[in-house]
Amino acid sequence: QVQLVESGGGLVQAGGSLRLSCVASGRTFSSYIMGWFRQAPGKEREIVASIRWSEGSTAYADSVKGRFTISRDNAKNTVYLQMNSLKPEDTAVYYCALKESIVARYGYWGQGTQVTVSA
C-alpha cells in the first residue's frame with residue numbers, strides 16, 4: 001500500500017507563490033510516476049504536472065507551463081510543486097497521485113490541499 005500526504009496549500013494573492021509537498025510512503029515501485037492534479041468547484045479534476053521518478057522527466061498542462069515546476073527529492077520520497085505567478089483561476093484543491101507505470105492509471109491519491117488565490 002502507498003500513502004501520500006500533501007501539505008503547503010494556503011491563501012495567497014495573485015502574483016504570489018506557493019510550494020506544495022507530497023510525501024510518499026509504503027510500497028515502492030521500480031518505475032512510477034507522480035502527478036499533481038487539481039479540482040476547482042464545479043469543474044472536473046485536471047492534471048497539472050507529472051514526473052517520472054526514475055529519470056525525472058516532467059510534463060505540464062498548458063495552463064501552468066512557465067509558472068509551475070514539479071520536482072522530486074529521492075532521499076525524502078517527496079515530490080514538490082512550485083507555483084509562481086499564481087492567478088485566481090489556479091484556485092482549487094490540489095492532489096498528488098501515483099501510478100505504477102506509464103501505462104497504468106493513477107491508483108493512489110493524497111487527501112488534497114486547498115490553494116486559494118485572491119485577486
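Colleague: Which is L18, buried or exposed?
Modeller: This is a predicted model: local features need pLDDT of at least 70, side-chain atom pairs count only at pLDDT 80 or more, and totals for chains, interfaces and linings use all residues. Numbering starts from 1 along each chain as its sequence is written, and side-chain values use heavy atoms, without hydrogens and water. The scale is relative accessible area with a 1.4 Å probe, protein chains only: under 20% is buried, over 50% exposed, and in between partly exposed. L18 has 15% relative accessibility, so the residue counts as buried.

Colleague: Which residues does L18 touch, leaving aside its neighbours within four places in sequence?
Modeller: Contact means heavy atoms within 4.5 Å. L18 itself is found in strand β3. Its partners are G8, G9, G10, V12, L81, Q82, M83, L86 and V115.

Colleague: How far apart are the C-alpha atoms of L18 and C96?
Modeller: Along the chain, L18 and C96 are 78 residues apart. In space, their C-alpha atoms are separated by 15 Å.

Colleague: Which residue is the disulfide partner of C96?
Modeller: A disulfide is called where two cysteine sulfur atoms lie within 2.5 Å. A search of the whole structure finds one. Its sulfur atoms are 1.9 Å apart, and the partner of C96 is C22.

Colleague: Which strands does the pair link?
Modeller: C22 and C96 sit 74 residues apart, in distant parts of the chain. Both cysteines are buried. The strands are β3 (residues 18-26) and β9 (residues 92-99).

Colleague: What is the handedness of the disulfide between C22 and C96?
Modeller: Look at the torsion about the S-S bond. The angle is about 50 degrees, so the disulfide is right-handed.

Colleague: How many strands does the protein chain have?
Modeller: Elements are DSSP runs numbered from the N terminus: helices are H or I of at least four residues, strands E of at least two. The count of helices is zero. From the N terminus on, the order is β-β-β-β-β-β-β-β-β-β-β. The number of strands is 11.

Colleague: What is the radius of gyration of the protein chain?
Modeller: The value is taken over C-alpha atoms, and the globule rule is 2.2 Å times the number of residues to the power 0.38. For 119 residues, the rule puts a compact globule near 14 Å. The protein chain agrees, at 14 Å.

Colleague: What share of the protein chain is buried?
Modeller: The base is the 119 residues of the protein chain. The buried share is 42%.
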